[in-house]
Amino acid sequence: MKLAGFDWDSANWPKCGKHGVSREEIEEILVGAPAVLTDPHPEEPRMRAIGRTRSGRYVFLVFMLR
């Protein structure tokens with residue numbers, strides 16, 4: 001899958017930053033080769049990903065494709 005970009009809205013970025021994860025780390029994971037699974041959330045078509053940054057940090061993400 002090829003990503004065209006990232007949509008950082010006013011709700012999702014502060015939440016990620018609160019967990020100590022930078023935008024750069026998140027984008028790094030998603031353009032790399034993360035393990036991706038569907039998320040069982042009943043109200044939104046979300047996905048889960050886990051990957052490793054260039055610095056070696058493992059990051060778990062929940063995201064939506066648009």
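Biologist: Which element gives the most to the lining of the largest pocket?

Modeller: β3 does, with five residues. β3 is a strand, a DSSP run of E with at least two residues, numbered from the N terminus; helices are runs of H or I with at least four. This is a predicted model: local features need pLDDT of at least 70, side-chain atom pairs count only at 80 or more, and totals for linings use all residues. Residues are numbered from 1 along each chain, and side-chain values use heavy atoms, without hydrogens and water.

Biologist: What makes a residue part of the lining?

Modeller: An atom within 4 Å of a pocket point. A pocket is an open set of points on a 1 Å grid where a 1.4 Å probe fits, with protein on both sides within 12 Å along at least five of seven lines. The largest pocket is lined by 29 residues. N12, L30, V62, F63 and M64 lie nearest its centre.

Biologist: What is the volume of the largest pocket?

Modeller: About 1100 Å³, the space filled by probe spheres set on the points, which are joined across faces, edges and corners.

Biologist: Why is V21 counted in the largest nonpolar core?

Modeller: A nonpolar core joins buried Ala, Val, Leu, Ile, Met, Phe, Trp, Tyr and Cys through side-chain atoms within 4.5 Å. Buried means under 20% relative accessible area, with a 1.4 Å probe and protein chains only. V21 is one of the nine residues in that set, so it counts. α2, β2 and β3 each supply at least two residues of this core.

Biologist: How confident is the predictor?

Modeller: On the pLDDT scale of 0 to 100, the chain mean is 86. Of its residues, 97% reach 70 or more.

Conventions
Buried < 20%, exposed > 50% of the residue type's maximum accessible area, 1.4 Å probe, protein only.
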